[in-house]
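Subject: Structure handover

Hello,

Please find the structure we spoke about below. My notes on it follow.

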Amino acid sequence: MTKDSDLLTLTKRDIARLERQRQKEQQAISPKKDSWFQRLKEQHAESKTRPGPNGWRRAAGGPVGYIEPPFELQGTTVQACGYFPFSVGAGMPVIGAPLGYHLRNRSLVCADPISWFLHRIISNPSAFILGQPGLGKTSLVHRWITVLADWGVIPMVLADSRPDYVPTIRALGGQVITFAPGQGHLNPLDLGPLVRQLNDLIDDAERKQAIEEMSQRRKALVSGLVAMFLERSLQPHEHTVIAQSLDTMDPDLSHPPVIPEFIEYIQSRPDVLRQALLTYDDDHAYDERVRPVLDAMIALGPNGMYGDMFSEPTSEHIIPGQPVVFDISGVNENNAQLMSAVQSLCWNLGSAAVSAEQYLAAAQGRPRKTYFLVMDELWQILRASDDMVRFIDRITRLNRGRGIAQVMITHTMNDLKLRSDHLTDIAWGFVERAAMTMLGGLAEGEMGNLQEVFDLSRTEIATLSNWTGEAPVDPWTGKAGLRPGAGNFLLKTGKSPGIPLHMQLVDAELDTTDTNRDWQMVD
């Protein structure tokens, strides 16, 4: 047994000393009112009503855990003084389709012609892309098509000759219209079912205006095709033959004839054409006046070298409200005349469908749809027909009032040098009027008047030239990588300093943007 005398006995002094020690230890653990822990709690409570330096610290607030430091550089006073006023300001506005990163400060670059136009950054919804082959022009357009389609814009690729855009349009659930020898028919005298619906407009004035506009479009289209096959401009009486025949055969565009019927009508020597051509009872004079038009139409018809491509009813019309692409890759690209005729027809049909839809939307009191026209390989159509140069010129001037945005793509400014100085000036005007211009790699001899139009600096010119370099070859594998300028663009809006950016693709885009899919070879 343990005796009581053996137990430890604390004196009152010892108890008081231990109590003081316990209170000190507890005070060391418990924060004071003005401690850092208390201040942190107060800041946390305050951040529920106002954002802190890292954002909102509350439920669904999403404060950032890491703030990227700003881009910095160091230099002597002699060197750094050249950076003021600063040529590169703060981060760009996050408006438009995300493209990639800024080549200088690595910030995100967002841009597309429609979003920038709606936010009044640029004055009209148009873009022009220039750059040597293989540097990413098509990939950039794919990005715009995909993002804008998700935002409710309807992309229209009206002549895909490679084809580059068919996989993307098909992935978007759009319409692929295949047209080539042995694959479908397109009647150049039929502008489509939307145009025929214009006859149902209730207001007489609106109906007359719409039908007249479409009638003029069809006359211009047929005249352009005839001029293309005659390889010269039409005489006034030849325009009269085409216009009078179309007005008589199909005045309201509700029953479009086919080319064989058009030829047969002219050959029948109707009185209305005799009087218009001032030939009256002289059959020989009449035949001489209409012979060039007949020659061109016969070449387009079933007895010409293209068979029934243009002489049968259209096999597939544009479905309104859906992304659409005309796949003309089956057309022989070495036949410049046929390729130009097909491109001219597809672009005219697409623009007519857009204009007709705008009339119908206004009559039905519903919002108009916004369309994004893609005009790739622009050089082909510009060099084939003077009328197509003027047709594209009208689109670039009138697109803003019709709810149409467009992007034109070609390789260099040399592609816009046409058979006459007047046509060259018109074509160069396409670039000048494009509110947004994306410049890829270009040699100095390929820039044309870009330096004057956009006030390119010596640094910008050198940068564009450097992007044209060839891809380096790995000495161990013998394989070449990407060209140094692949995916790089200089975004210009007027004479302001350009924005150098790198177009960054995501994995989901690799299949649809592969323009070398025909080169799948076994190693």
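Arg 366 is partly exposed, because its relative accessible area of 28% falls between the limits of 20% and 50%. Its salt-bridge partner, Glu 357, is buried at 1% relative accessibility, which means that it falls under the 20% limit. The side chains of Arg 366 and Glu 357 come to 2.7 Å, N to O. The pair does not stand alone: Lys 369 belongs with Glu 357 and Arg 366 to a network of salt bridges. Please keep in mind that this is a predicted model.

Salt bridges elsewhere

The structure has 13 salt bridges. Two others are described here.

One of them joins Arg 207 to Asp 204, with 2.6 Å between the closest N and O atoms. Both residues sit in helix α8 (residues 204-230), and their separation of 3 residues is about one turn of the helix. Arg 207 is partly exposed at 24% relative accessible area, whereas Asp 204 is exposed at 53%.

Another one is between Arg 269 and Asp 287, where the closest N and O atoms are 2.9 Å apart. This pair links distant parts of the chain, 18 residues apart: Arg 269 is in the loop between α10 (259-267) and α11 (271-276), and Asp 287 is in helix α12 (residues 283-300). Arg 269 has a relative accessibility of 27% and counts as partly exposed. Asp 287 is also partly exposed, with 25%.

The sheet

Which strands are at the edges of the sheet, pairing on one side only? To place them, the order is needed: 11 strands form an open sheet, arranged β2-β1-β11-β10-β9-β3-β8-β7-β4-β6-β5, with mixed pairing. The edges are β2 (108-110) and β5 (175-178). From one strand to the next, the twist averages 25°.

Within this sheet, strand β3 (residues 126-130) runs parallel to strand β9 (residues 436-439), and 4 bridges join the two. Leu 130 is placed opposite Leu 439 of β9. In general, strands of a sheet pair through backbone hydrogen bonds, in either a parallel or an antiparallel way.

Helix α5 (residues 137-150) lies across a number of strands, including β1 (98-102), β3, β4 (154-160), β7 (371-375) and β8 (404-410). The list also includes β9, β10 (488-492) and β11 (499-503). The helix runs at about 155° to β3.

Surface and the chain overall

Leu 10, Ile 15 and Leu 18 make a nonpolar surface patch of about 260 Å². Leu 10 is located in the segment before α1 (12-29). Its relative accessibility is 43%, and Leu 10 therefore counts as partly exposed.

In secondary structure, the chain comes to 18 helices and 11 strands. Of its 523 residues, 46% are buried. The accessible surface of the chain is about 28,200 Å², and carbon and sulfur atoms account for 53% of that area. Among contacts between residues at least 6 apart in sequence, 69% join residues at least 24 apart.

Regards

Terms used: Residues are numbered from 1 along each chain as its sequence is written. This is a predicted model: local features need pLDDT of at least 70, side-chain atom pairs count only at pLDDT 80 or more; totals for chains, interfaces and linings use all residues. Side-chain values use heavy atoms; hydrogens and water are left out. A salt bridge is a side-chain nitrogen of Lys or Arg within 4 Å of a carboxyl oxygen of Asp or Glu. Buried means under 20% relative accessible area, exposed over 50%, partly exposed in between (1.4 Å probe, protein chains only). Patches are made of residues with over 30% relative accessible area and no salt bridge: like charges are joined within 9 Å, nonpolar side chains (Val, Leu, Ile, Met, Phe, Trp, Tyr) within 5 Å. Accessible areas come from the Shrake-Rupley method with a 1.4 Å probe; for residues, only the protein chains shown count as cover. Two strands pair if DSSP finds at least two bridges between them. Axes are lines fitted to C-alpha atoms, for helices over the stretch in contact, and angles run from 0 to 180 degrees between N-to-C directions. Contact means heavy atoms within 4.5 Å.
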